[in-house]
Amino acid sequence: MKKTLLTFVSLIVLISISYAQGYDPSGRQTKPTASQLMEKYFNPITTAVPFLMIAPDARSAGMGDIGSCSSADANSQHHNPSKYVFNKSKFGISFSYSPWLTSLSKSLGISLAYLGTFWKITDMDAIAFSLRYFHLGTIDFTDEYGQVYANPSPNEFAIDFTYARKLTDVFSMALTPRFIYSNITAGYSMYDASGKPGLAGAADLSLCYEQSFRTKGMENSTVRLGVNITNMGNKMTYSSNASPEARDFLPANLKIGLGYTMDFDGYNSLSIMGEMNKLLVPTPPKYARDSLGNRYIVAGKNNKISSAQGIFQSFYDAPGGFREELYEIAWAYGIEYAYNNLLFVRTGGFFESKYKGNRKYLTFGAGLHYNIFQIDVSYLFSVSDQHHPLEHTLRFTLTFDLKSFNKDEIKKQDKPQGRMDRL
């Protein structure tokens with residue numbers, strides 16, 4: 001652990017030296033331009049519990065991790081829970097599993113498991129629940145001499161509940177409170193302070209607009225607009241004596257998606273979706289040191305602030321100015337073809353700036369829906385220098401759609417329809 005800390009500190013020192021090279025030796029400030037900052041510096045935003053941002057289900061994973069503007073399913077809790085009231089089913093439950101870092105080693109044992117369920121109380125109201133569990137495998141803790149003194153199995157989980165309601169026939173809203181537990185230190189000391197599990201409370205606020213209409217040459221068309229603001233909550237720490245400034249932000253995030261579904265006939269349907277994501281977390285400022293060695297902010301704003309302040313400041317605090325703010329937006333697209341609500345083929349892509357993490361990957365997926373069961377799989381491969389922890393792995397989701405227990409619904413499904421029913 002101390003060896004890792006020493007490596008981390010060394011990297012920070014090297015970066016600080018690089019920053020200082022742009023300043024006069026006398027200690028006088030010579031502020032770099034925004035273009036100079038963006039040309040030289042990799043400035044990603046880091047948060048606690050990043051596992052909350054992982055798309056857990058194989059359906060969205062096959063479409064570039066898009067889910068805010070797709071048709072409702074049992075996994076809408078993560079992407080946009082306000083979609084639940086537009087679901088054609090009354091009740092559904094799903095289980096998803098994602099192996100982690102298998103391209104490095106299949107023996108690490110790192111994985112993400114996700115359970116999601118919903119129940120439409122009325123046509124206007126729905127409730128939902130989900131459990132997300134991230135197992136980090138077995139990790140060796142070492143001292144400064146490289147000797148292993150412990151090998152615990154850290155883990156993290158989050159539990160949340162949703163209430164969604166239609167405000168009009170085409171517009172809905174949902175509120176999702178969440179409890180977060182992160183035990184990555186496994187109770188061992190770190191940074192000369194006793195370690196403890198990180199605890200936090202958070203909430204999501206989501207909106208959905210869904211409107212169906214008829215267009216020439218098609219039996220039905222549907223447009224969807226989804227907005228989800230996630231993980232708004234208190235800051236987290238793993239140290240028993242950490243100061244408020246030393247606590248980490250949760251991965252608060254703004255997600256906006258637009259989707260369009262074309263039902264060509266009673267059997268063939270095509271959905272095209274686009275989505276943007278932006279972390280609502282302050283951008284790290286750029287520092288320099290004066291002639292006395294004191295560090296000060298030369299570009300950007302102080303990020304040692306509260307979570308609420310951070311959400312608003314995240315829109316205008318990038319050291320590189322508006323140009324860097326645009327780099328903080330990640331873009332994704334997704335396409336889904338459905339045949340007779342039975343067979344599904346999907347593809348998509350996700351693109352992030354090289355200055356903010358450089359995640360760029362393409363995804364493929366497929367699904368099979370038979371009776372009350374649906375199974376979905378997805379595959380991801382990176383198209384950048386930055387390898388993704390899910391690269392070259394399959395993700396799986398098994399869903400039970402209990403709509404099929406309704407005899408009237410079964411009869412409807414046996415006939416061609418103008419609009420494809422999803423879960």
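A contact here means heavy atoms within 4.5 Å. With that in hand, start with the whole chain of this predicted model: among its contacts with a separation of 6 or more, 61% join residues 24 or more positions apart.

**The whole chain**

Show the cartoon first. You should find 7 helices and 18 strands in the protein chain. Switch on a surface next: about 20000 Å² is exposed, and carbon and sulfur atoms supply 63% of that area. Of the 423 residues, 48% are buried.

**Stop 1: Asn43**

Select Asn43, in the loop between α2 (34-40) and α3 (58-61). Is this residue buried or exposed? Its relative accessible area is 7%, under the 20% cut-off, so Asn43 counts as buried. Now show what surrounds it. Leaving aside residues up to four places away in sequence, Asn43 touches Thr283, Pro284, Lys286, Pro319, Glu324, Tyr355 and Lys356. With Glu324 there is a polar contact from side chain to side chain, at 2.9 Å. For a distance label, try the C-alpha atoms of Asn43 and Gly320: they are 277 residues apart along the chain, yet 9.7 Å separates them.

**Stop 2: Glu325**

Move along to Glu325, which sits in helix α6 (residues 322-327). Glu325 is buried, with a relative accessibility of 7%. Where does its side chain find a polar partner in the backbone? Look at Ala318, whose backbone nitrogen is 2.9 Å from a polar side-chain atom of Glu325. Beyond the residues up to four places away in sequence, Glu325 touches Lys278, Ser314, Phe315, Tyr316, Asp317 and Ala318.

**Stop 3: strands β7, β8 and β9**

Select residues 171-183 for β7 and 198-213 for β8; these two strands pair in the antiparallel sense over 12 bridges. To see one of these bridges, highlight Tyr181 and its partner in β8, Leu199. Then add residues 220-233, strand β9, which runs antiparallel to β8 and is joined to it by 11 bridges. Here Glu210 stands opposite Arg224 in β9. Follow the chain from β8 into β9 and you trace a hairpin with 6 residues between the strands. One of the turn residues, Gly217, has a positive phi of about 85 degrees.

**Stop 4: the nonpolar cores**

Now hide the cartoon and show side chains. The largest nonpolar core has 18 residues, and those touching the most other members are Val49, Phe51, Phe134, Ile180, Met236 and Leu250. Strands β2 (110-120), β3 (125-136) and β8 are the elements that give two or more residues to this core. Another core, of 10 residues, lies apart from it and includes Phe118, Ala126, Ala128 and Ala164.

Go back to Met236 and display its neighbours. Setting aside residues up to four places away in sequence, Met236 touches Ala48, Val49, Ile180, Ser182, Gly198, Leu199, Ala200, Arg247, Asp248 and Leu250.

**Stop 5: two backbone angles**

Pick Val49 again, this time for its backbone. Val49 lies in the loop between α2 and α3, and its phi is near 40 degrees, a positive value in a residue other than glycine. Val49 is buried, at 1% relative accessibility.

Finish at Asn371, in the loop between β16 (360-370) and β17 (373-382). Its phi is also positive, near 55 degrees, and again the residue is not glycine. How exposed is Asn371? Its relative accessibility is 48%, so Asn371 counts as partly exposed.

Notes. Residues are numbered from 1 along each chain as its sequence is written. This is a predicted model: local features need pLDDT of at least 70, side-chain atom pairs count only at pLDDT 80 or more; totals for chains, interfaces and linings use all residues. Side-chain values use heavy atoms; hydrogens and water are left out. Helices (H or I, at least four residues) and strands (E, at least two) are DSSP runs, numbered from the N terminus. Buried means under 20% relative accessible area, exposed over 50%, partly exposed in between (1.4 Å probe, protein chains only). A polar contact is a pair of N or O atoms within 3.5 Å; within protein, one must be able to donate a hydrogen and the other to accept it, and residues adjacent in sequence count only if both atoms are side-chain atoms. Two strands pair if DSSP finds at least two bridges between them. A nonpolar core is a set of buried Ala, Val, Leu, Ile, Met, Phe, Trp, Tyr and Cys residues joined through side-chain atoms within 4.5 Å. Accessible areas come from the Shrake-Rupley method with a 1.4 Å probe; for residues, only the protein chains shown count as cover.
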